[in-house]
Amino acid sequence: MSAVMERETIYSEIKEYLVSAFDVPRDLITPEADLVEQLNLDSIDAIDLMVQLKEITGRKIEPDEFRGIRTIDDVLNLAQKKHAQG
């Protein structure tokens, strides 16, 4: 699977998760969307998202790795990095 396809697949899974778990309006979920400012996620939501990333990538996400995450694009970059460690 190509890196672009993997990224699109991961993006789709994250988008579906945010809509179903947090009732985030689908149209707000863009790569540039800020998790706190635009999507209204809090620290507990971030922990849930970390757990979901583990499900998507099959790799444990350390809290330090997630600390700098601000946007959906940051989430995608981290997920791709973890997935590539395959």
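Colleague: Which residues in H4 do Leu49, Leu53 and Thr57 in H2 meet?
Modeller: This is a predicted model. In it, three residues of H2 take part in the contact: Leu49, Leu53 and Thr57. Their partners in H4 are Val75, Leu78, Ala79, Lys82 and His83.

Colleague: How many nonpolar, polar and charged residues does the contact of H2 with H4 have?
Modeller: Leucine, valine and alanine count as nonpolar, while lysine counts as charged. Sorted by class, the contact of H2 with H4 holds 5 nonpolar, 2 polar and 1 charged residues.

Colleague: Are H2 and H4 parallel or oblique to each other?
Modeller: H2 covers residues 43–57 and H4 covers residues 72–84. Their axes come within 9 Å and cross at roughly 40°. Angles under 35 degrees would count as roughly parallel. H2 and H4 are therefore oblique.

Colleague: Is the crossing of H2 and H4 left-handed or right-handed?
Modeller: Take the same pair of axes, which cross at roughly 40°. The crossing of H2 and H4 is right-handed.

Colleague: Is Lys82 buried or exposed?
Modeller: Lys82 is found in helix H4. Its relative accessible area is 7%. Buried means under 20%, so Lys82 is buried.

Colleague: Which residues does Lys82 touch, not counting those up to four places away in sequence?
Modeller: We have already met one of them, Thr57 in H2. With that residue included, Lys82 touches Thr57, Arg59, Lys60, Ile61 and Glu65.

Colleague: Is Lys60 buried or exposed?
Modeller: Lys60 is found in the loop between H2 and helix H3, residues 63–66. It is in contact with Lys54, Glu65 and Lys82, leaving aside neighbours within four places in sequence. Its relative accessibility is 51%. The cut-off is over 50%, so Lys60 counts as exposed.

Colleague: What separates the C-alpha atoms of Lys60 and Arg70?
Modeller: Along the chain, Lys60 and Arg70 are 10 residues apart. In space, their C-alpha atoms are separated by 19 Å.

Colleague: Which element gives the most to the largest nonpolar core?
Modeller: The largest nonpolar core has 24 residues. Those with the most contacts inside it include Ile14, Leu18 and Leu53. Helix H1 (3–22), H2 and H4 are the elements that give two or more residues to this core. The one that gives the most, with 6 residues, is H1.

Colleague: Which residues is Ile14 in contact with, leaving aside neighbours within four places in sequence?
Modeller: Ile14 is among the residues with the most contacts inside the largest nonpolar core. In soluble globular proteins, nonpolar side chains tend to be buried together. Ile14 is in contact with Leu53, Ile56, Val75 and Leu76.

Colleague: Is Val4 buried or exposed?
Modeller: Val4 lies in helix H1. Its relative accessible area is 61%. The cut-off is over 50%, so Val4 is exposed.

Colleague: What is the phi of Asp23?
Modeller: Asp23 is found in the loop between H1 and H2. It is exposed, with a relative accessible area of 65%. Most residues other than glycine have a negative phi. Asp23 is not a glycine, yet its phi is positive, at about 55°.

Colleague: And what is the phi of Asn40?
Modeller: Asn40 is found in the loop between H1 and H2. At 60% relative accessibility, Asn40 counts as exposed. Its phi is positive in a residue other than glycine, near 60°.

Terms used
Residues are numbered from 1 along each chain as its sequence is written. This is a predicted model: local features need pLDDT of at least 70, side-chain atom pairs count only at pLDDT 80 or more; totals for chains, interfaces and linings use all residues. Side-chain values use heavy atoms; hydrogens and water are left out. Axes are lines fitted to C-alpha atoms, for helices over the stretch in contact, and angles run from 0 to 180 degrees between N-to-C directions. Helices (H or I, at least four residues) and strands (E, at least two) are DSSP runs, numbered from the N terminus. Angles under 35 degrees count as roughly parallel, over 145 as roughly antiparallel, 65 to 115 as roughly perpendicular and the rest as oblique. A crossing is left-handed if the near helix is turned anticlockwise from the far one by less than a right angle, and right-handed if clockwise. Contact means heavy atoms within 4.5 Å. Buried means under 20% relative accessible area, exposed over 50%, partly exposed in between (1.4 Å probe, protein chains only). A nonpolar core is a set of buried Ala, Val, Leu, Ile, Met, Phe, Trp, Tyr and Cys residues joined through side-chain atoms within 4.5 Å.
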